[in-house]
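Please load the structure in your viewer and follow the selections below in order. Each stop names what to select and then states what is found there.

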Amino acid sequence: MAEKENEFRVSPGEAVGVVAAQSIGEPGTQMVLRSFHSAGISSVITTKGLPRIIEIVDARKKPKSPTMRIYMEPGIEKNYEKVRSIWRKVEEVLVSSVIDGFEEDLRTGTLMLKPSKEKLDQFEINQRTLVAKLSQKEGMNVTSDEGIVKIKVKGHEIKQIRTTFVNLLNTPVIGIHGITKALVQQDDDGAFYITTSGSNMEEVVKIDGVDKERVYSNDPFEVMRMYGIEAARALIAHELKETISEEGLDVSFRHLSLLADAMTYTGSIKSVGRHGISGEKKSVFARAAYEETVKHFTNASVFGEVDDLSGVAENILIGKQIGIGTGRVKLGISKADLKKIKGSD
Amino acid sequence: MQAEGIQYIKFTTIPPETIKKISVAKLIVPDTYNEDGYPIDGGLVDQRLGVIDPGLKCKTCGGRAKSCPGHFGHIELVRPVMHPEFAKTIYILLQSTCGKCHRVLLKQEQIDSTEAKASLATTEEESHEVKVSEVEQERIPILKKLKSVKKCPHCGSPQAKLKFERPTFYSIEGNRLKQDEIRDWLSQISDDDLRVMGVDPTATRPEWLVLTTLLVPPVNVRPSITLETGERSEDDLTHKLVDIMRINQRLEQDIEAGAPQIIIDDLWELLQYHVTAYFNNETPGIPVARHRSTRPLKTLAQRLKGKEGRLRYNLSGKRVNFSARTVVSSDASLTIDQVGVPVKIAENLTIPIYITQWNIDHARKFLESKEYPTVVNVIAKDGTRKRVADTNRDDLLKELAPGQILERQLIDGDIALFNRQPTLHRPSIMAHMVKILPGKTMRLHVSATVPYNADFDGDEMNLHLPQSLEAQAEARYLMRPHDMILSPRHGRPIMHIEEDEIAGLYMLTREDALFTKEEACLMLASVGVYELPKAERNGTYHGRSIFSMILPDDLNYEGKSKLGKISIKKGQLTEGIIDESMIGASRGELIIRIFADHGPEAASAFLLNATKLALRAVLAAGVTISISDYYNTEAMNKERFKIIAEVEAKAKQIAENYRAGKLESLPGYTKRETLEIETMAQLNIARDMASEVIKRSLDMNNNAYLMATIKARGNILNFVQTSMFLGQQAIRGRRPSRGYGRRILPYFKPGDKDPGAKGFVRSGFFDGLKPTEFYMHAMGARDSAITKSLVTAVSGYLQRRLINAMQDFYAESDGSVRDANGGLIQTIYGGDGVDPTKEVIVAERKQQK
């Protein structure tokens, strides 16, 4: 093994970037374009296939289907009741989903809610919590009767009153903002965890009993805000791997990790494309040859930019040998030796 | 010795004075040729700008059409006009400076702090390290804030709001600023203030961006073409320049004649329009200038931009010589690293022989030859190229000396790069040894089709001949097919065995594969083995021992295939059936092992021999299918109808739950969508159930089933769809739902709840489909055809972006990954510095330890 070790090393100069790009791009044609739901009652929708890869690579600020996996602290992860009580705190329940109906009087600005006993019970909320939540809002006069909650809103304009009503109905009673659905699931070891639609790490981590070191979100930006760029880098690589594996395709992790590093090595997440990595290249020619040709040339002349022709694209453009791969190797000769050769000629 | 070439390129704009210096002619006549078809002096094809007609001489350099490089001219604009591509830059500059004293609208202390940074940038600039990102990320945001400054911090005058109207107009409080006013304003901004704003005044003085002189490109940049009718057709740029000059001339005349201001302003604006269109005919806010034929004119920006533009079409991708393209077909007698080249192509392509004292005799033989492998050109020491003909051959032979280069025709053993598009990954270009063959197609071994993704239904491929010795050596030692057996994508074989060959090896290595001496001899002779393995007791030869003859003698392998344990001891296959997981697409264990222990050449030889042996074996055994393979037994048919009934009942149950409001909606979906998804899922299960039935009821005596099981050809789903039923057809991942009112086809009743009315096909190909089912199936097929064409477009763009983002990354000698400017991407490539093609080998070795 030891004597063969060198044989297994990457060759110096190897165009590892292109190899990585090809390795990710080549199986792209075999991936599905639509991210449809693999039906199953107890699963959360996630974007899959090519759309997900593109989403990650584009570094979109808001993923199409953010999701979290919330693990419990080791002490309680096998206790269903406790996990369930945490689950209650996670899923966002809106006012509109615990009422049977409502009546609105736009002249007087009153909204009459009919809380549903059944629905309240289902989410383990009582009417008092609901009233308390509604009272927190400013400018409300909330009165509660048996089976009826009456809210009087200030203001005269119909349009304004109407907006307030709509906002009221979309007020969360319990749960964390942004988490539209949460499900308790059990892994092979019998430990319970929660998967969610929607992601809000900041709030989830505040809940007692949640294992802060294992909380998982598929939103790189959120992970970066919470745990830093290294965590985001790991997440990008991991999500790419998961997405590709799910399609039954095999791409070495090293290519994905190189892409993740390329996207994050500056300290912030940069997208692959004209607004990210490719658009911020030093070389004017490299940028111009990619997209927005004229813009790059005009700006370069105003700022007096200098292209020192160090990259691949520039050298191809001007017809020189590229500086990577075998083109990286250069032969030198000392002046003395050169003289000797010339002398003998 | 070769010069170092270009070191760096600095971008600047050309000041008007320089334009006049570059220019060889001031153009004054807005026309091209006179009635005699002769170029007008001072016109747009003035002979001082170079010539394109053969026979004419350039009045500047005296060169002819081919030797004259072309010379620039200029047009003096009577009134200044904006350069449209800089309109936005100018807007930012105007906004950021005072309308009265023209100083930058930053407070002195802000200027001082940015100047400190700027001076830092100048020192860096001396080493050509301008920080673009600094300009774009730091300066521009600062400047953007300046538009809301109300009062100049320097002279105290109030700042009116400046409005930019596309494409090239600016106004203050409804009063349009004239181009000359803008030019004056810009010229009064000091160099120091410009530096504060990030502008390099040595590269661009902002007043240069308002044009007073227009540089006119040489004629050979905009050549006119002569049609068959003898009519001249000018280039789009010439047309636009004529427009500019015509308006310029009229404007001049009107000004001299003292025409009213309105007329002058109108002409001025028209001049501005023509100049704008000349630079970029797609500038937003201007009407597109068109050719007589209503085709939009291709002006300067259009020449550079996009896929067909100068950069991507001519500079990033170049046309090459020494290449060939034709249809490919297969040839089983070639090795994997050969390529069959038609004689016709070989006669036309050449390889240089660099003559030295050591190879002069070898070279002479080619020059002496009057037919096929002969010399086409002789390149003398001074670089002049002479074509070899029978008339001058003897002379050339006499002059033959070291230092000359002969261009000889292609012969066996030359190295050639072979490529098929789309070139999606590294093994899409490999270096093959040339083998000259009769016929008109290029030929390759079937095992080499996989990395190219080629088949022989009319595919064409390209052949390139590296000319320099360095390039040939590089191809020979780095790009041969056997070096590409293991994919850089995952470290597993991409060159492997498929279809018939898999069936062949199965037939060869299964338990009861016994062959007579004659059969064994035939098979082994096909791979060049002329001795027999040890015979069985009854005098027959087991397929395994025959197969073992092509294994390296010291190969030891223990593993599991899909069909059971595999055991190879000292090059003898003692147990197990060689299947797809050993040498096929999924894992290719055996190939990896031979590659790792015995090297690329051995792996390539093994692949080749295995192919040949397998084809003999499959020929001997005969694997054929017939319609009877798909015939259902009574019991199978019973189960088939049971499955259909079962899933349909379940689907009905779901529908009833939905109507009763008992259906729990899936997260993120409405109840209605949930109904659809769950019904679909339920109906899809039918296929899985049916494939279980097939697996239970059939055995390896059914050849169609056998081929599906060993992954030679087809899969169980094909089987299910043939002998059982097609199952649910999908459009956009859902059941068909659009069409004829509340039904898919007029055959159904509106709102029909039957699964068949929504694309569930109960018949199989064996029985034939009902008309409605056929329609549903066609819909599904069309959808998947459309989807496929979309995926290629989307993933093609993804690939382009990825490559563009990462193309500069390379592995440094210390194992780190760097970008073009030495930036550190990874400290150790992939965390372990391992070559991706060797990744699986390394992982396996680690496991063994």
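The tour covers the domains of one chain, a pair of helices, the contact between two chains, and a small sheet.

**Stop 1: the domains of chain A.** Bear in mind throughout that this is a predicted model. Colour chain A by domain: domain 1 comprises 11–63 + 218–264, domain 2 comprises 67–91 + 179–217, domain 3 spans 93–174 and domain 4 spans 281–328. Then place centroids on the C-alpha atoms of domain 1 and domain 3 of chain A; these centres are 43 Å apart.

**Stop 2: helix 3 and helix 10 of chain A.** Select helix 3 (49–57) together with helix 10 (residues 229–246) of chain A. Two packed helices are described by the angle between their axes and the distance between the axes. Here the angle is about 165° and the axes lie 10 Å apart. An angle over 145 degrees counts as roughly antiparallel, and helix 3 and helix 10 of chain A are therefore roughly antiparallel to each other. The crossing of helix 3 of chain A with helix 10 of chain A is left-handed. Now display the side chains: A:Arg52, A:Ile53 and A:Ile56 of helix 3 meet A:Ile236, A:Glu239, A:Leu240 and A:Thr243 of helix 10. By class, this contact holds four nonpolar residues, one polar and two charged.

**Stop 3: the contact between chains A and B.** Next, select the residues of the two chains that touch. Chain A contributes 80 residues and chain B contributes 86 residues. On the chain A side, the elements that give two or more residues include helix 2 (16–25), helix 11 (253–264) and helix 14 (312–318). Which element supplies the largest share of the side of chain A that touches chain B? Helix 2 of chain A does, with ten residues. Coloured by class, the chain A side shows 43 nonpolar, 22 polar and 15 charged residues.

**Stop 4: strands paired across the chains.** Select strand 11 (306–307) of chain A and strand 1 (residues 9–10) of chain B. These strands run antiparallel and are joined by two bridges. A:Asp307 has B:Ile9 as its bridge partner in strand 1 of chain B.

**Stop 5: a sheet in chain B.** Finally, select strands 26, 27 and 28 of chain B, which form an open sheet in the order 26-27-28 with antiparallel pairing. Strand 26 (810–811) and strand 28 (824–826) of chain B are at the edges, each with a single partner strand, so one side of each has no neighbour in the sheet. Two bridges link strand 26 of chain B to strand 27 (residues 817–818) of chain B, and B:Tyr810 has B:Arg818 as its bridge partner in strand 27 of chain B. Add helix 11 of chain A to the view: this helix lies across strand 27 and strand 28 of chain B, at about 145° to strand 28 of chain B.

Conventions
Residues numbered from 1 in each chain as written. Chains lettered and ligands numbered in written order. Predicted model: local features only at pLDDT ≥ 70, side-chain atom pairs only at ≥ 80, totals over all residues. Domains from an automatic or database assignment. Contact = placed C-beta atoms within 7 Å. Helix = DSSP H or I, 4+ residues; strand = E, 2+ residues; numbered from the N terminus. Nonpolar A, V, L, I, M, F, W, Y, C, P; charged D, E, K, R; others polar. Pairing = 2+ DSSP bridges. Axes fitted to C-alpha atoms, helices over the stretch in contact; angles between N-to-C directions. Parallel < 35°, antiparallel > 145°, perpendicular 65-115°, else oblique. Left-handed = near helix turned anticlockwise from the far one by under 90°.
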